[in-house]
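Thank you for sending this for comment. My remarks are set out as numbered points, to be read with the structure open.

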Amino acid sequence: MSTLSIKKLRADIDGKPILKGVDLELKSGEIHALMGPNGSGKSTLANVIMGNPRYTVTGGSIKLDGKDILALPVHERARLGLFLAFQYPVEIPGLGMAKFLRRAAETRLPEGEHLNVSDFLKGARESMDFLSFDRAFLNRALNDGFSGGEKKRAEILQLLTLKPRFAIFDETDSGLDIDALKVVAAGIEKMRGPDFGALIITHYRRILDYAVPSIVHVMYQGRIVLSGGGEIVKSLEEKGYDWVKDLVGDPGDDTEAGPPARTPKPAGREALHA
Ligand code: ADP
Ligand code: MG
């Protein structure tokens, strides 16, 4: 079992503090949801976990199985099994999708091991069939001219190909029609198991009906201010984020302490559908 442990994490972008003490523990076997108003720092958290150099960590720690990963560059974090599905996947003309997937899979292999190309292609094609993603996309350039839904399918194809230990989905569901949404959720569910943990960043209950989280967190002004079960999603849907604001008060700006996050209650599939 693996643990991704984030403690008192603080991060800036261009000198502006965004994360103001984030605590979050994600274990393999668990799927967590992260919600919160626009600008609260969800994408920043995702990027900082992955190691995007645009953000400066100013305090706290991120540990994977006890090992501090903050000093590691992105590709080494990826090799350790971290994965981020982008909110806005980048188009890369000239980089063929098959080649990209293959190289990415190769770099995840232990030193000295080689990829069996025909097995790899077979697996990729099977995943594409599972995602209702036309195999012809393997011959296209990565995300180049893809529709929104195709880009998100491509993200999930990378997920299924790379089989990370921990994956973060940054609004992978936003802007998808219901069929694409189900496919994305099915991809996440396919990975669910004792060796996989996920953090699903979303604004909507829809995806959480298909990829059901055990814990739901709410981020507000750079902190996780509330954690619990599916009842949180329901309350947000009914009352909006003003409810969170009223509940936690204004966390203010940059104080070290901030309001304590509510204790997570054990919650399962039932809680979300309660
Ligand atoms: P969320 O994903 O919750 O909507 P973000 O993490 O994207 O929030 O943004 C948090 C804050 O950081 C916002 O105020 C946003 O304007 C700011 N921010 C994010 N990225 C940048 C950037 N590249 N340059 C300047 N400010 C940024
Ligand atoms: Mg975002």
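The points below take up a ligand shell, a strand with its partners, a helix, and a few single residues.

1. Please keep in mind throughout that this is a predicted model, in which local features are considered only at a pLDDT of at least 70. The values quoted below are computed from that model.

2. The surroundings of ligand 1 consist of Ile13, Asp14, Ile18, Gly36, Asn38, Gly39, Ser40, Gly41, Lys42, Ser43, Thr44 and Arg54. When these residues are sorted by class, the shell has 7 polar, 3 charged and 2 nonpolar members. Helix H1, which spans residues 42-50, supplies the largest share of the shell, with 3 residues.

3. How many of the residues of strand S11 are buried? The count is 6 of its 6 residues, so that the strand is mostly covered, taking buried to mean 20 or more other C-beta atoms within 10 Å. In a regular strand the side chains alternate between the two faces of the sheet. In S11 both faces are covered, with Ile215, His217 and Met219 buried on one side and Val216, Val218 and Tyr220 buried on the other.

4. Strand S11 pairs with strand S3 (residues 31-35) in the parallel sense, over 4 bridges, and Val216 of S11 is the bridge partner of Ala33. Strand S12, by contrast in direction, runs antiparallel to S11 and is joined to it by 5 bridges; here Met219 stands opposite Ile224 of S12.

5. The hairpin formed by S11 and S12 has 2 residues between the strands, and one residue in the turn, Gln221, deserves a look for its positive phi of about 45 degrees, a sign found here in a residue other than glycine. Gln221 belongs to the loop between strand S11 (215-220) and strand S12 (223-228). Is Gln221 buried or exposed? Gln221 is buried, because 20 other C-beta atoms lie within 10 Å, and the cut-off for that class is 20 or more.

6. Glu171 also has a positive phi, of about 50 degrees, although Glu171 is not a glycine. The residue sits in the loop between strand S9 (166-170) and helix H6 (178-191), and it counts as buried because 21 other C-beta atoms are found within 10 Å. I would ask that the backbone at Glu171, with its positive phi, be pointed out to readers.

7. Helix H4 (residues 117-130) has 14 residues and reaches 20 Å from its first C-alpha to its last, which is close to the 20 Å expected at 1.5 Å a residue. Within H4, the residues Ala124, Ser127 and Met128 are buried. Viewed down the axis of H4, the buried residues fall within an arc of 100 degrees, and they therefore line one face of the helix. The face turned away from that buried side carries the exposed residues Ser118, Asp119, Lys122, Glu126 and Asp129. The cover over the buried residues of H4 includes helix H3 (97-107) and helix H5 (148-162). Just after H4, Ser132 takes a positive phi of about 50 degrees.

8. Lys99 is found in helix H3, and this residue counts as exposed because it has 12 C-beta neighbours inside 10 Å, where the limit for exposed is 12 or fewer. What separates the C-alpha atoms of Lys99 and Gly149 in space? The separation is 21 Å, for two residues that stand 50 residues apart along the chain.

Key:
Residues are numbered from 1 along each chain as its sequence is written. Chains are lettered from A and ligands numbered from 1 in the order in which they are written. This is a predicted model: local features need pLDDT of at least 70, side-chain atom pairs count only at pLDDT 80 or more; totals for chains, interfaces and linings use all residues. A residue is near a molecule or strand if its C-beta atom, placed from the backbone, lies within 6 Å of it. Ala, Val, Leu, Ile, Met, Phe, Trp, Tyr, Cys and Pro count as nonpolar, Asp, Glu, Lys and Arg as charged, and the others, Gly among them, as polar. Two strands pair if DSSP finds at least two bridges between them. The expected span of a helix is 1.5 Å times one less than its number of residues. The arc is that of the directions from the helix axis to the C-beta atoms. Two residues are in contact if their C-beta atoms, placed from the backbone, lie within 7 Å.
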